[in-house]
Amino acid sequence: MIIQKTREEIELMRESALVVSKTLGMLAKEVKPGVTTLYLDKLAEEFIREQNAIPGFLGLYDFPNTLCMSPNSQVVHGIPNKTALVEGDIISIDCGAIKNGFYGDHAYTFGVGEIAPETQKLLDVTKESLYVGIRELKVGNRVGDVGYAIQQFTEKHGYGVVRELVGHGLGKTMHEDPEMPNYGRRGRGKKFVEGMVVAIEPMTNMGTHKIRQHKDGWTITTLDGKPSAHFEHDVAIVNGKPELLSTFQYIYQALGIESDEESEFRA
Ligand code: MG
Ligand code: MG
């Protein structure tokens, strides 16, 4: 069942999304060669608590940390550890937080120092596919329209769309209806309605879409060992149209990037 949010609830969810957006912005300056993912995880936990929020992943389904940290061929759900990042790595950071009883859920894939042009292209295409999907999140469309748009765009570049992991509705729990696959067929699936809030999160592999799960029960890796990227926004349907609750602008400020990619999804 899709839980529609009131305007007031959407404003509260914007605060939750702001917590995770600011957390990724804070981390953007800290991601560099020599830093461990466990160190970044501790920074994030402190930063979230300083904003009177609660780490959303810590303990959720027994996950042991604040952030999911998935370098290189890891797709999602990587567990922070004491291995240092090295120049040329990519690191997907997924961050959840609870504020005012609502979840924010937000992810970005960072390059560590200089990365290969073909890796940068994977990041650029995956992020662009996120907006291609968000554009379809409007009253009158269905779940399959978002998935179809993301899949078509991604596969045109020769990349693999992960099937086993999907976006989701978001609210007082982390995973609400509907599931939001990054693949699908036009006109299929649940209808979008006013006041729904979803996390859209393409997970895109440079090679095969196939994945495997590690023995730790969490980490997901590409089957062929090639890199994977992950970008995630929280989006509400307001006046029938998609409105972004999360923002990459804190990351861009930290990295000195100019971008107006989010402007079409602002009220
Ligand atoms: Mg997430
Ligand atoms: Mg999510």
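This note sets out numbered points on a predicted model, covering its two magnesium sites, selected strands and two individual residues.

1. **Magnesium ion (ligand 1).** In this predicted model, the magnesium ion (ligand 1) is coordinated by Asp 94 through two OD entries, by Asp 105 (OD) and by Glu 232 (OE), at 2.1 to 2.4 Å. Along the chain, the donor residues of this ion follow the spacing D-x10-D-x126-E. Asp 105 belongs to strand E5 (residues 102–111), and Glu 232 to the loop between strand E13 (228–230) and strand E14 (233–238), so this pair ties together parts that are 127 residues apart in sequence.

2. **Magnesium ion (ligand 2).** The protein donors here are Asp 105 (OD), His 168 (NE2), Glu 201 (OE) and Glu 232 (OE), which lie 2.1 to 2.2 Å from the magnesium ion (ligand 2). Their sequence spacing is D-x62-H-x32-E-x30-E. Distant parts of the chain are linked at this site as well: Asp 105 is in strand E5 and His 168 in strand E7, 63 residues apart.

3. **The bridging residue and burial of the donors.** Asp 105 bridges the magnesium ion (ligand 1) and the magnesium ion (ligand 2), and the two ions lie 3.2 Å apart. Glu 232 also appears among the donors of ligand 1 and among those of ligand 2. Asp 105 has a relative accessibility of 2%, and therefore counts as buried, the cut-off being under 20%. Glu 232 is buried too, with a relative accessible area of 0%. His 168 is likewise buried.

4. **Strand E4.** Strand E4 (residues 90–99) is mostly covered, with ten of its ten residues buried. Ile 90, Ser 92, Asp 94, Gly 96 and Ile 98 are on one side, and Ile 91, Ile 93, Cys 95, Ala 97 and Lys 99 on the other; both faces are covered. In a regular strand, side chains alternate between the two faces of the sheet. The ligand 1 donor Asp 94 is thus placed on the face that also carries Ser 92 and Gly 96.

5. **Partners of E4.** Strand E1 (residues 54–55) runs antiparallel to E4 and is joined to it by two bridges, with Pro 55 opposite Ala 97. Strand E2 (residues 67–71) pairs with E4 in the antiparallel sense over five bridges; within this pairing Ser 70 stands opposite Ser 92. E4 and E5 are also antiparallel, over ten bridges, and Ile 90 has Gly 111 of E5 as its bridge partner. The hairpin formed by E4 and E5 has two residues between the strands, and Asn 100 takes a positive phi near 55° there.

6. **Strand E9.** From strand E9 (residues 197–200), Val 197 and Ala 199 point one way and Val 198 and Ile 200 the other, and all are buried. Strand E7 (residues 167–169) is antiparallel to E9 and joined to it by two bridges; Gly 169 is partnered by Val 198. E9 also pairs with E14 in the antiparallel sense, over four bridges, and Ala 199 has Asp 234 as its bridge partner in E14.

7. **The three-stranded sheet.** An open antiparallel sheet is formed by three strands in the order E3-E12-E11. Strand E3 (74–76) and strand E11 (211–213) are its edges, each pairing on one side only. The average twist from one strand to the next is 40°. E3 and strand E12 (residues 220–222) pair over two bridges, and Gln 74 has Thr 221 in E12 as its bridge partner.

8. **Thr 219.** This residue lies in the loop between E11 and E12. Its relative accessibility is 4%, so Thr 219 counts as buried. Beyond its neighbours within four places in sequence, Thr 219 contacts Gln 74, Val 76, His 77, Gly 78, Ile 79, Arg 212, Gln 213 and His 214. Its side chain makes a polar contact with the side chain of Asp 216 (2.6 Å). The C-alpha atoms of Thr 219 and Ser 70 are separated by 7.8 Å, although the two residues are 149 residues apart along the chain.

9. **Gln 151.** Helix H4 (residues 143–156) contains Gln 151. With 12% relative accessibility, Gln 151 counts as buried. Leaving aside neighbours within four places in sequence, its contacts are Val 161, Arg 163, Asn 182, Tyr 183 and Gly 184.

Key:
Residues are numbered from 1 along each chain as its sequence is written. Chains are lettered from A and ligands numbered from 1 in the order in which they are written. This is a predicted model: local features need pLDDT of at least 70, side-chain atom pairs count only at pLDDT 80 or more; totals for chains, interfaces and linings use all residues. Side-chain values use heavy atoms; hydrogens and water are left out. Two strands pair if DSSP finds at least two bridges between them. Axes are lines fitted to C-alpha atoms, for helices over the stretch in contact, and angles run from 0 to 180 degrees between N-to-C directions. Buried means under 20% relative accessible area, exposed over 50%, partly exposed in between (1.4 Å probe, protein chains only). Contact means heavy atoms within 4.5 Å. A polar contact is a pair of N or O atoms within 3.5 Å; within protein, one must be able to donate a hydrogen and the other to accept it, and residues adjacent in sequence count only if both atoms are side-chain atoms. Donors are N, O and S atoms within 2.8 Å of the metal (3.2 Å for Na, K and Ca); water is not among the atoms, so sites may look incomplete.
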